[in-house]
2 protein chains.
Amino acid sequence: MNRPTLEAVAARAGVSKSSVSRVINGATTVAPSIREVVLRAVRELGYVPHAAARNLATRRTNAVALVVSDPPKGLVSDDPMFSAVVRQASRKLEAAGKQVVLMLAGSEDSRARVARYVAAGHVDGVMLVSMHGADSLPASLARKGIPIVSLGRTNPAVPYVDNDNLGGADLAVRHLLRQGRRRVATITGPLDMIASQERLTGYTGVLRETGHRSIVAIGDFTRVSGADAMRQLLQDDPGLDAVFAANDLMAVGALRTLREAGRRVPDDVAVVGFDDIEAALYTTPPLTTVHSPMADWAGATVDLLLGLFEGGTDEPVLLPAELVVRESA
Amino acid sequence: MNRPTLEAVAARAGVSKSSVSRVINGATTVAPSIREVVLRAVRELGYVPHAAARNLATRRTNAVALVVSDPPKGLVSDDPMFSAVVRQASRKLEAAGKQVVLMLAGSEDSRARVARYVAAGHVDGVMLVSMHGADSLPASLARKGIPIVSLGRTNPAVPYVDNDNLGGADLAVRHLLRQGRRRVATITGPLDMIASQERLTGYTGVLRETGHRSIVAIGDFTRVSGADAMRQLLQDDPGLDAVFAANDLMAVGALRTLREAGRRVPDDVAVVGFDDIEAALYTTPPLTTVHSPMADWAGATVDLLLGLFEGGTDEPVLLPAELVVRESA
DNA sequence: ATGGTTCGAGGGAGCGCTCCCTGACTTGGA
DNA sequence: TCCAAGTCAGGGAGCGCTCCCTCGAACCAT
C-alpha cells in the first residue's frame with residue numbers, strides 16, 4: 001500500500017527527480033525522449049503527486065474556501081439559493097482547477113474555525129456567500145492577506161458581486177402600484193443583511209415618492225417566517241391589497257397564509273416575490289417575482305476571485321434586476 | 001507578511017522545536033512551565049501551524065471529500081435534498097474536526113478528477129451521495145484503500161446508509177388502496193438509481209399482491225419531469241385515480257399538471273410523494289408523502305465514516321420510513 | 001580550432017512539521 | 001551511597017516535492 005514517490009519514478013525512468021518534476025509540471029525545457037520515458041514510468045507505477053508535499057514546497061494549495069452562512073441566519077438559509085450558488089460556484093472553481101472547501105459559518109465558533117483554517121494556509125482564496133452585514137469574518141479574513149471575494153455586499157468592504165436589490169424592489173413595487181394597488185405591504189429579510197436593507201429601501205423609496213404609506217413586517221427569508229409575517233400584516237392592516245416579499249420563499253409562505261385567511265390572489269391581494277426560484281413556477285397562482293440570476297451571480301463571483309489570483313481588478317460587479325410577471329400580481 | 005514557523009516560536013520561547021510541537025499537539029509529557037512559555041510565544045507571534053507541512057509529516061489531512069452527483073443526473077439534482085444533505089454532513093464533519101472538500105461528480109471528467117484527488121492523498125475519507133447504480137466511482141475509489149461510505153446504496157457495495165425505500169413505497173401504495181383507489185399510477189425516478197428501483201419495486205409489489213394493474217411513467221426526480229410524466233399518465237389512462245410519485249419534487253410537478261388538466265386533488269386523483277421536503281407543506285393541497293429524514297440520513301452516513309476512521313463497523317444502516325398523511329391523499 | 005553561448009539534466013537545499021531516539025536529570029530501592 | 005528505572009527536553013532525520021544553481025554538452029561564430 002506504499003504509494004510511489006517522485007523519486008521512485010525517477011529511479012525507474014533512470015533520470016533525476018528534477019526531470020520528473022519538470023515533466024509532471026509540464027515544463028517545456030525537457031527533451032522528448034526523457035519526457036516519454038518519464039511518462040511511461042509514471043503510468044507503470046501509477047504515480048500521483050503527493051498533494052501536501054507539493055503544497056509545502058510551492059506554498060500554494062489550489063484550494064478555495066467557500067464560506068456559507070448557516071441557518072438560522074443568512075440569506076442562504078433557503079435551499080434554492082444554497083444549492084444554486086454552491087453548485088455553480090463548485091462547478092466553475094473545479095473547472096478552473098481549484099478545489100472547493102465548503103465551510104459553514106454559523107456560530108462564533110465556526111467563524112473562528114474558518115479564520116484559523118485560512119490562517120493555516122489551507123486555501124489560496126476565500127469566497128464568502130452573503131454574510132450578514134455585521135459579520136466579523138470579512139474583516140478578519142481580509143487581514144490574512146489572501147484574495148477574498150463576497151457574493152453579496154458585506155460591510156467591511158471586500159470585493160463583491162451583488163444583484164441590484166434596490167432596483168429590483170423598485171421594479172416590483174412600481175409594478176404593484178401600476179396595477180392600481182393602494183396599500184402595498186412588504187415582508188423583509190433579516191435586517192442585519194445588506195440585501196434585506198436594500199430591498200426594503202427600494203420599497204420604501206417608491207412608496208414615499210408616490211405618497212403611499214409603508215406597511216412592514218420582518219421575516220428571515222424562510223417560508224415559515226413569510227407565513228408568520230403575512231399573518232401579522234393582515235392583522236395590522238386588513239385592508240392591504242398587495243405584498244412585496246423580499247424573497248420567494250417568504251412569498252410562498254405568504255401565499256399560504258393568504259389562502260388560509262380566505263384572500264384570493266391576485267384578486268384580493270397581489271403578491272410579488274424576489275429571486276425567481278424554480279418553486280415560484282409551481283405556486284398557486286404562479287408567482288410574479290424579481291428574477292435574480294443566482295447561477296450567473298455565483299459565477300461572476302468566482303470569476304472575480306479567479307481574476308484576483310491573476311492580479312486582476314477588485315471592482316465590485318452589479319447584476320441587473322428584471323421583473324418576471326406571472327399570475328400572482 | 002512572513003508567517004511565523006514553529007521554529008520561530010521555539011526560538012522565542014527559548015525551548016526546542018520538539019517541545020513546541022508537544023505543546024501544540026497537547027502531549028501530556030510537558031512541564032507546565034514550558035507549556036506556558038510556549039503558549040505565550042504562540043500568542044505573541046500569532047502562530048498557526050502550517051497545514052501542508054503537518055499533513056506531509058503525519059500523512060493525514062483531516063479532510064473528507066463529499067462527492068455529490070451533479071445534475072442532470074442524480075437524486076440530488078433536487079435542491080432540498082442537496083442542501084439538507086450537504087449542510088448536515090458539513091456540520092457534523094466540521095464538528096468532528098474534519099474539513100469538507102465538496103466535489104461534484106457529473107461528467108466522466110469530473111469522476112476522474114475525484115479519483116485523482118483522492119489518490120493524491122488530499123483526504124482521509126470519502127462520503128458519496130447517492131451515486132447512480134452503474135457508477136464507476138465507488139469501485140475505483142474503494143481501491144485506493146481509504147475509508148469510503150455512501151449515502152444511498154451503490155452497486156459495487158461500499159458501506160452505506162439508506163432509507164427504507166421499499167418499505168416507504170409499500171406504505172404509500174397501501175395507503176392509497178386503503179382509501180379505495182383502484183387505478184394507482186407511479187412516476188419513477190431515474191431507473192439507473194437504486195433508490196428509484198427500490199421505490200418502483202415497492203409499488204409494483206403491492207399492486208401485484210393485491211391484484212391491481214401498474215401504470216408507470218418514468219421521471220428523473222425533477223419537478224419538470226414530474227409534470228411531464230403526469231401528462232403522459234393521464235394520456236395513457238385517463239381513468240386513473242391515484243399517483244405515487246417517487247419524490248416530492250415530481251409530485252409537485254404532477255400536482256400542477258393535474259390542476260391544468262382540471263382534475264381535483266384529492267377528489268379525482270390522490271397524490272402521494274416521497275421525501276417530505278419542506279415544500280410539501282406548501283403545495284395545494286399539502287402533500288401526503290413518505291417522510292425520509294434527510295438530515296438524520298446524512299448524519300448517520302457521517303457517523304459511519306467517522307466510525308470507520310476508528311476501525312468501527314462497516315455494517316450498512318437502514319432508516320425506517322414513515323407516511324405523513326396530509327390532504328393530497 | 002577556439003572561445004562564447006545556449007540549452008537542458010542533475011544535485012541538493014530547503015518548505016514546516018512530526019516523532020523517534022538520545023541523553024541529562026530525578027527519583028526510589030537496596 | 002550507589003545503581004536501576006523513569007521523566008522529559010532536545011536533536012535531527014525524515015515526509016515528498018520544487019526550484020535554484022551548477023555543470024556538461026552541443027552549437028555557433030570567429
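Which residues lie nearest the centre of the largest cavity? That's one of the things to work out below, using a predicted model.

**Exercise 1. Describe the largest cavity: its volume, its lining and the elements behind it.**

Solution.
- Step 1: start with the inventory. The structure holds five cavities of 30 Å³ or more, and the largest has about 240 Å³ of space in it.
- Step 2: look at the wall. The lining of the largest cavity comprises 21 residues, and those nearest the centre are A:Asn55, A:Tyr117, A:His122, B:Asn55 and B:His122.
- Step 3: map the lining onto secondary structure. Two or more residues each come from α4 and β2 (99–105) of chain A, and from α4 and β2 (99–105) of chain B.
- Step 4: sort by class. You get ten nonpolar residues, eleven polar ones and no charged ones.

**Exercise 2. Do the same for the second largest cavity.**

Solution.
- Step 1: its volume is about 150 Å³.
- Step 2: here 14 residues form the lining, with A:Tyr282, A:Thr283, B:Val252, B:Tyr282 and B:Thr283 closest to the centre.
- Step 3: helix α11 (residues 248–260) of chain B supplies the largest share of this lining, at three residues.
- Step 4: the classes come out as seven nonpolar, four polar and three charged. So much for the cavities.

**Exercise 3. Work out how the protein meets DNA strand C.**

Solution.
- Step 1: find the neighbours. There are 27 residues around DNA strand C, and A:Ser18, A:Ser19, A:Arg22, B:Leu6 and B:Tyr47 come nearest.
- Step 2: ask which part of the strand is being approached. Of the strand C atoms within 4 Å of the protein, 62% are sugar or phosphate atoms, and the rest belong to bases.
- Step 3: pick out some polar contacts. On the phosphate side, a backbone N or O atom of B:Leu6 sits 2.3 Å from a phosphate oxygen, and a polar backbone atom of A:Ala31 is 2.9 Å from a phosphate oxygen. On the base side, a polar side-chain atom of B:Lys17 is 3.1 Å from a base nitrogen.
- Step 4: assign elements. α2 (17–24) and α4 (51–58) of chain A, along with α2 (17–24) and α4 (51–58) of chain B, each give two or more residues to the surface near strand C. α4(B) gives the most, with five residues.
- Step 5: classify that surface. It has twelve nonpolar, ten polar and five charged residues.

**Exercise 4. Determine how chains A and B are related.**

Solution.
- Step 1: superpose them. A turn of 180 degrees with a shift of 0.0 Å along the axis lays chain B on chain A, and the RMSD is 0.1 Å.
- Step 2: read off the symmetry. The two copies are therefore related as by a two-fold rotation axis.
- Step 3: check the interface. Since 100% of the interface residues of chain B are also interface residues in chain A, the copies meet through the same surface.

**Exercise 5. Locate some unusual backbone geometry.**

Solution.
- Step 1: recall the baseline. Most peptide bonds are trans, and most residues other than glycine have a negative phi.
- Step 2: check omega. The bond joining A:Val265 and A:Pro266 is cis, with omega about 5 degrees, and A:Pro266 lies in the loop between α11 (248–260) and β9 (270–275) of chain A.
- Step 3: turn to chain B. The bond from B:Thr284 to B:Pro285 is also cis, with omega near -10 degrees, and B:Pro285 is in the loop between β9 (270–275) and β10 (288–291) of chain B.
- Step 4: check phi. A:Asp275 isn't a glycine, yet its phi is positive, at about 125 degrees; A:Asp275 is in strand β9 of chain A.

Methods
Residues numbered from 1 in each chain as written. Chains lettered and ligands numbered in written order. Predicted model: local features only at pLDDT ≥ 70, side-chain atom pairs only at ≥ 80, totals over all residues. Heavy atoms only, no water. Near = heavy atom within 4 Å. Polar contact = N/O pair within 3.5 Å; in protein donor to acceptor, adjacent residues only side chain to side chain. Helix = DSSP H or I, 4+ residues; strand = E, 2+ residues; numbered from the N terminus. Nonpolar A, V, L, I, M, F, W, Y, C, P; charged D, E, K, R; others polar. 1 Å grid on protein atoms, 1.4 Å probe; cavity = no way out; pocket = protein on both sides within 12 Å on 5 of 7 lines; lining within 4 Å. Points joined across faces, edges and corners; volume = space filled by probe spheres on them. Least-squares fit on C-alpha atoms with pLDDT ≥ 70 in both. Contact = heavy atoms within 4.5 Å.
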